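Biologist: Hi! Could you walk me through a helix pair and a small sheet in this one?
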Amino acid sequence: MTRSSHALVAVLSVALALAVPVAGQAPVTSQLPTHPQIREAYLAWDRGDYPEALRGYLAALENAGAAAVRRIAGLTGETYRVTEVAPDGGNLTVAPDGRFATFEVTDSEGETESRVVELATGRVVASLAGVAAAPGPSGRVAYLALGSVPDAFDEAVAEANRALQAGDRRGYVTRMREAAWYRVSSLELRVYDVASGEDAPQALDDMVPGTLAWEVDGGLLVSGASRDGARGRLARVRDSGVEELGLPEGYPAELLPGADGTVVIAMRTTPVLPTPPGAEIVAQGMTGVAVVSSRGESAFFPGARAASVAADGSVLAYLRVRERTTELQAVALTDGLVVTTIYATEDPVAAPAVSPNGAYVAFQGRPLHDWEIFAVATTGGGEPSQLSNEIQHDRYPRWVDERTVLAAKGEGRHMRSHLYDLDGEPPLKLFHNNTVRTIAPEYEWAVVPGGRQVLVVSERDGDTVSPERGVYLVHRDRPVERAELVARLQRELASEERLRTEGADTFEPIRAAVGAAVAEIQLERVYAYARDLYLMGSKHITQPGNRAAIEYLETTLRSWGYEPELQWFEPRPGIRTANVVVRIPGTVDRGLVYVVSTHFDSVERGPGADDNTSGTTALLEVARALRDRPMPATVELAFFTGEEAGLLGSREYVRRALEEGKTIAGALNNDMLGWANDHRLDNTIRYSNPGIRDIQHGAAILFSELITYDALYYKNTDAAAYYEAYGDIVGGIGSYPVLGNPHYHQATDRLETIDQRLVTEVARTTAASIMLLASAPSRLANAAVHHEADATVVSWDAAVESDVVEYRVVWSDLAGGGGERVVLASAVARVSVRLPRVPAGATVFVKAVNDRGHESWDWARVEVGAG
């Protein structure tokens, strides 16, 4: 079957999964641009022809007006200018007057401090040794500083560790709770003044502080508990003193200041803070929302949850469940606390957010499988308008201004922010990194009052491995200008053209062989494997489907001429499971191994059609296509068990590989390949090694219809076992960290939700990638430089491959200088070359070249020091 006819088999799953509006619908503006040049560029971008799209956008910008500049900026990256505030931070908080914000940073020793940001400049203006910072009006910042911690804290931690070592889990938890109390009870409230630099303590009689919030008029609200832990406390701190505020029975969990001294408090029946050792705390009061008003109009709403208050303090909204119905209720805080039920449904509802002027409530609802964003008037009497409409989750709404809602798209751990307005304009990306390929997951957002700025916490560089997450300030009042946009698009065009040129050059020696192999990969076969595995139900190690899948994989692979190795092991008492591994011996260096792997098990509750039958079927078809195509290095295809039970199969495979002394030079690990949120066949390269990343981009461009993105990512996947044992050798493809599948780890992860075309194109990309890796020299090891008189000596370990004939040495410096040298291979363990003196700060790159013209798939890099 031809690829064009593959489309006929096609996308039933995508059509079935499209979200359908179930309530009111906001006005709709077409996403397709009306400007002819911009429209054609938009369509080229949509089909993944990025060079054509970028050239089209650049042409359109030559005569584009401000509206066109804004549209092109939003389609290709960021619409607004962005300032990097800090390379790491989290727990964002913004002052009510919008002048300052705070975030927290935790060092390698676990100590946390709060940083103060001046929002007018984006500069950090103060660092405070404390937590829970709350910036207030007039440049004051309240925070909790750690006072003198008693010796009992260290004693409790030591006892907890001893209990843990003895296997006493209950004792460990008890001692750690005691330690937490000793630490929390030593916290003291302090107030820092940005203008004067004064940092003063604030006494709180018989109160352990927990949560801080400023009122617009300068009152500081402090909630916590009495020192005996027996009751919740709420106080208002002013320059004139501390005022105790009355609370219903229970414990305050969240503070939401209203207008004119009104305070909204989310209440719990059990303590929020740790309690003293030996304290007998009993549940008291009711879960709900309390309103404490200076006008004497206090109230308690039992069962209320997820409270939100308008920025002007006029309206409170919350959710309340009555039997099977969830009610969204609004309370007029400035008009007698009148309660109105503005929406009721049996569908799941969460995260209500009141607009700044109290006119609307945005919320997330789940009419089918995924969360969508809705908005409804607080006056009631009308149906909600659906603002988002896509099969990825859209969640956590918050208002940017009276007509615009910010919401997060995607799975909860790696999201992307979009703006939706009540007038039906197309959704707008709020934040990006202005690259075509690299993903920038986001984690937190804080809107500055007035909506001119938004703080974002993101891994903007696509590095999800390092613990740092940057803090950025998006300036909605400073749109990207034409000259900036042109420079951005020109940079990305050069990057895309280079990616294609280098990919074509890299694959040229084996292009015909790779083309013949990928042509054997068939959509119909991929679907047939998926149907067979789907009928086995859950393939979790505790379920019968796991053994059935092992037998199916063994039988199928054996039918193609392989001799599968079943790596049986017992991860838990009474449970036996196995990896299934086949080998394609190398023709030149049999002892050098490249691995392609995927896990075949699923979660216990469902069949796992995407996670991860999709990866399994792709690898099966790769195995069939490559069965009679040996490569210079050995290739192993590994089907792992037990990923969903704790990465068990991959760790067992790597344990055995190390035990056998196996040399693994590179690895591709695929996971979750088959869910598509629209017609585009796109997925993410998850890598540790940038050379492998670019090989996979090239493979997708040259040999498939797959559109690829990338993210530095391997943690919490089967790829982690390779990295921990063999280092930076990992690539692969998977939907995470752009995990948009609403069926992830659900019983609804079913066969009909999978786009088998997407799985097939990943299989083609994977086959091409592994053929190149197993045909080229691997990255050279232990590159180093040192200076001798007027020369720089570069050395490295000789290539492990037996067919290397020369080495290519390239150097470049910050001033644009550099050079290149070729070194012939010889029978030495350590290779070196003398270069003209290379300046400090330059980088030297080294690759091996084999007798078929293949260069190493990644450079060995070494920075030149002053020396």
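Modeller: Sure! One term to start with: contact means heavy atoms within 4.5 Å. Also, keep in mind that this is a predicted model.

Biologist: Okay, so which residues in α3 meet α4?
Modeller: On the α3 side they are Gln37, Ile38, Ala41, Tyr42, Ala44 and Trp45. Their counterparts in α4 are Tyr50, Glu52, Ala53, Leu54, Gly56, Tyr57, Ala59 and Ala60. Sorted by type, the residues of this contact are eleven nonpolar, two polar and one charged.

Biologist: And at what angle do α3 and α4 pack?
Modeller: Helix α3 covers residues 36–46 and helix α4 covers 50–61. They pack at about 160 degrees, and their axes are 7 Å apart. Angles over 145 degrees count as roughly antiparallel, so α3 is roughly antiparallel to α4.

Biologist: Is their crossing left-handed or right-handed?
Modeller: The crossing of α3 and α4 is left-handed.

Biologist: Nice. Now the sheet: what is the order of its strands?
Modeller: The order is β43-β44-β47 in an open sheet of three strands, and the pairing is antiparallel. At the edges sit β43 (784–788) and β47 (830–836), each of which pairs on one side only.

Biologist: How much are neighbouring strands turned against each other?
Modeller: On average by 25 degrees, ignoring direction.

Biologist: How many bridges join β43 to β44?
Modeller: Five bridges link β43 with β44, which spans residues 791–797, and the two strands run antiparallel.

Biologist: Which residue in β44 is the bridge partner of His786?
Modeller: That would be Val793.

Technical notes
Residues are numbered from 1 along each chain as its sequence is written. This is a predicted model: local features need pLDDT of at least 70, side-chain atom pairs count only at pLDDT 80 or more; totals for chains, interfaces and linings use all residues. Side-chain values use heavy atoms; hydrogens and water are left out. Axes are lines fitted to C-alpha atoms, for helices over the stretch in contact, and angles run from 0 to 180 degrees between N-to-C directions. Helices (H or I, at least four residues) and strands (E, at least two) are DSSP runs, numbered from the N terminus. Angles under 35 degrees count as roughly parallel, over 145 as roughly antiparallel, 65 to 115 as roughly perpendicular and the rest as oblique. A crossing is left-handed if the near helix is turned anticlockwise from the far one by less than a right angle, and right-handed if clockwise. Ala, Val, Leu, Ile, Met, Phe, Trp, Tyr, Cys and Pro count as nonpolar, Asp, Glu, Lys and Arg as charged, and the others, Gly among them, as polar. Two strands pair if DSSP finds at least two bridges between them.
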